[in-house]
Amino acid sequence: MILSPSILSADFANLERDIKTVTSLGAEWIHVDVMDGHFVPNITIGAPVVKSLRKVTNAKLDVHLMIDNPDKYVDDFINAGSDIITFHAEARTNIPNLLAHIKNNKKMSGLAIKPRTDVRQIINFLTLVDVILVMTVEPGFSGQRFMHMAASKIQALKAEKAARYPNLIIQVDGGINEETGRICRDYGANCLVAGNYIFESKNITESIKKLKNL
Ligand code: DX5
Ligand code: ZN
């Protein structure tokens, strides 16, 4: 299980410290939530922050773009040193073109779907995708309740992975804790994003260990 702690729940005045804490405990990726106040009703951080984080960690920077017109900004995130760039299937963009652009720039490509988006809408794009991100909360805020219905879409992706795309990473994001993480693992997820469960935990070591060894 790949673990990608979401720094949305970390201390923004101490990102280097918080990232070192989670990577030293075994987290392989760092999840960076980029929000524009249009695609989602919240504003967070942009490419300059990714560029600064690149200097302080070797962990894979897993950038989740919750923005409209992601093609307009994708090069900023490529140049800032992102490793994985995920955008939303619901955003205004040409999906196959943008996936190909990310891959041509030697980055891992990711495609995210909101809880109410039908998984069949993205199956055709799997040849161009390294990571599918299944959102189990409405994007916009950390600390929301896990939506079980959304997680059940993982099963269809697991079947595709088994049949045709053995390297596909199935990532899930939103309301993940020990219990919901296990549900997603059982459905076939192999990458968990977690914000609150890790950074608001009284015992980060335990929380990370639990998610890594579900
Ligand atoms: C929500 C973000 C998530 C969020 C997860 O829009 O995409 O990555 O930070 O936070 P938790 O794990 O607290 O739901
Ligand atoms: Zn996210």
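In this predicted model, ligand 1 has 20 residues around it, and those that come nearest are D33, G140, D173, G175 and G195. Three polar partners can be picked out right away. D173 reaches ligand 1 with its side chain, placing a polar atom 2.7 Å from one of the ligand's oxygen atoms. G143 uses its backbone instead, with an N or O atom 2.8 Å from an oxygen of ligand 1. G175 does likewise through a backbone N or O atom, again at 2.8 Å from a ligand oxygen. On its own, ligand 1 has 380 Å² of accessible area, and the protein covers 99% of that. The space that ligand 1 takes up is the largest pocket. As for what builds the shell, β2 (29–35), β3 (60–66) and β8 (191–194) are the elements that give two or more residues to it. The largest share comes from β2, which puts in three residues.

One of the residues that come nearest to ligand 1, G175, also leads to a helix. G175 is touched by T180, and T180 belongs to helix α7, which runs over residues 178–187. T180 also touches F146, once residues up to four places away in sequence are set aside. Is T180 buried or exposed? Its relative accessibility is just 7%, and because the cut-off for buried is anything under 20%, T180 counts as buried.

Next comes D18, which sits in helix α1 (residues 15–24). D18 is a buried residue, with a relative accessible area of 10%. Its side chain makes a polar contact with the side chain of R17, at 3.0 Å. Further along the chain, beyond the four places on either side that are not counted, D18 touches A10, D11 and F199. F199 is the last residue of α8 (196–199), and the loop that follows, between α8 and α9 (204–212), is where K202 is placed. K202 and D18 are 184 residues apart along the chain, yet their C-alpha atoms are separated by 14 Å. In terms of cover, the two are at opposite ends: D18 is buried at 10%, whereas K202 counts as exposed at 88% relative accessibility.

Another exposed loop residue follows β2. H38 lies in the loop between β2 and α2 (47–54), and with 66% relative accessibility H38 counts as exposed. From H38 to V134 the C-alpha distance is 20 Å, with their positions 96 residues apart in sequence.

The backbone holds a couple of oddities too. Which residues other than glycine have a positive phi? N69 is one of them, with a phi of about 50°. N69 is found in the loop between β3 and α3 (70–79), and its relative accessible area of 32% makes it partly exposed. K106 is another, with phi near 65°. K106 is in the loop between α4 (95–104) and β5 (108–113), and here the residue is exposed, at a relative accessible area of 74%.

Loop residues can be buried as well, and Y165 and T117 show it. Y165 is found in the loop between α6 (154–163) and β7 (169–173). Its relative accessible area is 19%, and since buried means under 20%, Y165 is still buried. Not counting residues up to four places away in sequence, Y165 touches L126, T127 and E160. For T127, the separation from Y165 is 38 residues in sequence and 7.6 Å in space, C-alpha to C-alpha.

T117 is placed in the loop between β5 and β6 (131–135), and T117 is buried, with a relative accessible area of 11%. Leaving aside neighbours within four places, T117 is in contact with E90 and K153. K153 is 36 residues away from T117 in sequence, and their C-alpha atoms are 9.6 Å apart.

Methods: Residues numbered from 1 in each chain as written. Chains lettered and ligands numbered in written order. Predicted model: local features only at pLDDT ≥ 70, side-chain atom pairs only at ≥ 80, totals over all residues. Heavy atoms only, no water. Helix = DSSP H or I, 4+ residues; strand = E, 2+ residues; numbered from the N terminus. Buried < 20%, exposed > 50% of the residue type's maximum accessible area, 1.4 Å probe, protein only. Contact = heavy atoms within 4.5 Å. Near = heavy atom within 4 Å. Polar contact = N/O pair within 3.5 Å; in protein donor to acceptor, adjacent residues only side chain to side chain. Areas by Shrake-Rupley, 256 points an atom, 1.4 Å probe, with all protein chains shown as cover. 1 Å grid on protein atoms, 1.4 Å probe; cavity = no way out; pocket = protein on both sides within 12 Å on 5 of 7 lines; lining within 4 Å. Sits in = over half its atoms within 2 Å of the grid points.
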